[in-house]
Amino acid sequence: MSDVPVRQEAASMVAAGEQALHVEGDLTVARDLFAKAYGLAEQAADAELMATAAIGLGGLWVHEHRTAADAASVEAQQRSALARLDPASSLALRLRARLAAEADYRAVRSDTVLPIVEEARRAGDPRALAEALSVAHHCLLGPRDADLRLLLAEELLRAGSRTGRPSDVVMGLLWRTVDLFLLGDPHAERSLAELSGSEAAERNGAVSFARVGMQVMLHIRGGRLDEAEALAHECAARGRTTGDADYLGWYGAQLVAVRWYQGRVGELVGVLADIVNSPMLSANDEAFVAGLAVASATAGDTRMARGALARLRGPGLDRLTRSSTWLCAMNGAAEAACLLGDTDTAAQVYALVLPYARLPVMASLAAACFGSAQHTLGVASLALGEVDRAVVHFRTAVEHNNALGHWPAAAVSRHRLAQAHGLRGETWAATSERAAATREAAALGMVLPETERRALVCTKTGRQWMVELGGRSVVVDDSVGMRYLATLVANQGTEIAAIDLTEGGVAEERSAQPVLDEEALQQYRQRLRDLREEIEDAEAAHQEVRAAQLRADAEWLADEVRAATGLGGRTRRFADNPERARIAVGKAIRRAVDRIGAADAVLGEHLRGSVQTGMRCSYRG
């Protein structure tokens with residue numbers, strides 16, 4: 001059977017794939033057409049059609065194939081096609097540019113693809129140059145390459161005008177717009193208007209998705225938070241329809257920005273925990289881990305917050321890749337460090353972000369903006385106790401955010417500036433800035449974030465304790481462990497010997513004194529016996545409320561007796577045995593924490609992650 005019909009069908013599918021990719025921007029349809037075309041071209045042993053299909057499989061962007069299996073499969077097809085070509089051919093150059101860009105993107109570098117861009121310049125093929133410029137640009141989205149990216153985008157506009165493909169000019173316009181936003185350039189919105197007015201850009205689904213994403217960001221900057229959230233839904237739907245793997249990450253970043261300025265970021269703990277582990281997230285994106293740390297700390301789940309921050313830090317924040325979301329990750333790390341009192345993380349963030357103080361904190365292709373990097377430096381300075389430095393950074397952040405037209409970020413920076421003035425004892429300045437921030441926030445319908453770490457408070461009323469953290473509170477019955485816990489909380493950050501906790505003071509002053517004297521112990525035991533009888537009577541009379549109250553009293557007394565007695569019911573003398581004190585205190589505190597956790601899981605997790613027991617006990621907050 002002749003290979004001609006197969007070759008013709010492959011050529012037809014390649015043409016359809018080119019239309020889907022470069023005109024309509026439908027990545028899903030294009031992938032399907034190019035995959036089928038590749039199979040047919042391979043069957044017909046047509047090296048050029050195989051190569052063209054393999055190039056198309058890469059798509060418009062770099063790293064479109066997110067799962068390891070899909071990415072490996074496409075790379076294998078591209079390498080197979082390349083092996084069949086004349087190495088000096090234009091198709092071979094285009095394939096090498098794609099393979100180099102994919103490898104560089106994963107490694108967060110550009111030293112392989114940029115020499116191929118230079119090779120494409122010398123070759124004189126506009127299409128090869130346009131593709132090489134576009135994929136190379138995608139490998140340079142970190143903050144240190146901001147100026148170089150813009151040069152590549154301008155060159156892509158010129159090269160694209162000579163290829164005859166609508167997508168090449170459109171991609172030049174798109175990349176230039178993105179670059180201007182990432183630089184904080186005042187002409188960025190003018191460039192976006194030009195992109196939005198392009199008929200080719202509107203027809204291209206992939207480019208339209210990116211354009212709407214930038215419009216979401218501008219709505220957030222303008223303080224139109226409800227409108228931004230609605231448009232973020234539309235943006236995600238566009239991305240999903242066109243097959244863009246970034247739609248989930250973009251929507252997540254936009255939602256975090258909206259909730260942050262609404263004062264509701266703590267609501268996103270579950271959402272962010274899912275996104276962090278999604279296989280659709282770019283391998284170089286660590287910003288959502290930082291977002292999870294902030295959301296958890298804001299919600300009062302200190303244990304999860306510390307865990308997320310530790311995951312982000314790994315062997316050191318300096319090891320994190322400088323990706324398109326790196327500044328967002330640093331911004332989140334600074335906020336979480338400030339909430340948790342983590343000075344080590346704050347110091348690392350400050351040193352790393354300082355060279356990029358002039359830039360706005362942007363996510364991906366300008367999909368979301370968290371204001372000036374000066375604000376990040378100010379927050380890190382506050383966490384480090386560098387108040388004078390914080391004042392300078394926050395004052396500059398207010399100016400930068402006003403220049404960006406980011407009104408919510410300007411209000412938050414002013415709010416933090418007021419805090420820094422207050423810490424310097426400058427009451428008038430603090431009051432003035434705080435009043436201005438409050439007015440700005442009220443006009444935007446936003447909620448300013450808390451500027452102080454949330455304090456855990458334990459308050460005793462009768463035979464019950466109220467445990468509060470931020471907006472969360474539970475009431476639990478009094479117990480020995482609850483009293484130990486309250487002592488640790490009242491002395492946050494201070495280590496207290498277990499034996500001192502059992503004695504209620506300094507062990508030397510109460511050496512070898514029993515926890516309860518024999519007379520009190522006998523009274524407790526008698527009352528326990530009486531309570532058990534009363535419980536039986538109440539249950540027999542179906543007095544459930546009274547029975548529950550009596551059971552609570554009995555449990556409290558039983559805790560007291562257990563804590564006060566050793567083997568055989570003998571009175572404990574903890575000063576005689578520090579090891580017994582360690583065991584008893586640890587058990588008592590864990591019982592108290594378990595009761596709190598049964599009433600409120602977040603408070604329970606916070607305490608499990610913040611309370612240390614042993615010979616010396618502490619609450620770290």
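Good morning. I begin with the lining of the largest cavity in this structure, whose residues divide into 27 nonpolar, 13 polar and 8 charged. Please keep in mind that the model is predicted.

How does one come to speak of cavities at all? Rolling a probe the size of a water molecule over the atoms shows where empty space is left. Here the count comes to 4 cavities of 30 Å³ or more.

Let me stay with the largest cavity. Its volume is about 620 Å³, and 48 residues line it. Asp 285, Ala 287, Thr 325, Ala 363 and Ser 364 are the lining residues that lie nearest the centre of this cavity. Five helices each give two or more residues to this lining: helix 5 (90–107), helix 12 (205–221), helix 14 (247–262), helix 16 (287–299) and helix 18 (326–340).

I turn now to the second largest cavity, which has a volume of about 220 Å³. It is lined by 21 residues, and those nearest its centre are His 22, Gly 59, Arg 98, Glu 131 and Arg 165. The elements that contribute two or more residues to this second lining are helix 1 (4–24), helix 3 (47–58), helix 5, helix 7 (126–138) and helix 9 (166–183).

Which helix gives the most to the lining of the second largest cavity? That is helix 7, with 4 residues. As for the character of this lining, its residues divide into 9 nonpolar, 6 polar and 6 charged.

To close, I would draw your attention to helix 5, which is listed among the contributors to the largest cavity and also among those to the second largest. Thank you.

How values were computed. Residues numbered from 1 in each chain as written. Predicted model: local features only at pLDDT ≥ 70, side-chain atom pairs only at ≥ 80, totals over all residues. Heavy atoms only, no water. 1 Å grid on protein atoms, 1.4 Å probe; cavity = no way out; pocket = protein on both sides within 12 Å on 5 of 7 lines; lining within 4 Å. Points joined across faces, edges and corners; volume = space filled by probe spheres on them. Nonpolar A, V, L, I, M, F, W, Y, C, P; charged D, E, K, R; others polar.
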